Structures are given as C-alpha cells and as structure tokens.
Amino acid sequence: MADWLNLAMLVCAILGAMAFGILAAYAVLRLIFSMLRPQPQPVTVKPQTEPASAS
C-alpha cells in the first residue's frame, strides 16, 4: 500500500512541477512580449489658420 501511495505522490509531484513550469514560462513570455509591443505615439495636431470671414 505504501508503494502505491509513494508512486501516486511522485506522479502528482511531477505533474505539479510540469504545470508550474509551463505557467511560469507563459507568464514570463507574456511579460516580455508586452514590453516589446510598440507603444502608441501621440498624434500631434498642427493648427491651421483660417481667414476671418466678415458676415
């Protein structure tokens, strides 16, 4: 019985470590790609002069 419990614990530890590694890699890559994404530049509006109209 103890051998089966040890085997089950080993399998659960392996699966947990793999899941943690995959999720950690996913988080790191999302962070890196969000830093690499180009940031939007503010659009400068050039003021245009209009002739005065006499009405």
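This tour moves from the whole chain to selected residues of helix 1. The model is predicted: local features require pLDDT of at least 70, side-chain atom pairs count only at pLDDT 80 or more, and totals for chains, interfaces and linings use all residues. Residues are numbered from 1 along each chain as its sequence is written, and side-chain values use heavy atoms, with hydrogens and water left out.

Begin with the full chain, which has one helix and zero strands (DSSP runs numbered from the N terminus: helices are H or I of at least four residues, strands E of at least two). Its radius of gyration is 30 Å, well over the 10 Å of the globule rule for 55 residues, so the chain is more spread out than a compact globule (the radius is taken over C-alpha atoms; the rule is 2.2 Å times the number of residues to the power 0.38). The C-alpha trace spans about 100 × 25 × 5 Å along its principal axes.

Colour next by accessibility: buried residues make up 0% of the 55 residues (buried is under 20% relative accessible area, exposed over 50%, partly exposed in between, with a 1.4 Å probe and protein chains only).

Now select Asp3, found in helix 1. Asp3 is exposed because its relative accessible area is 63%. Add Thr44: the two residues are 41 apart in sequence and 71 Å apart in space, C-alpha to C-alpha.

Finally, select Met18, also located in helix 1, which covers residues 2-36. With a relative accessible area of 49%, Met18 is partly exposed.
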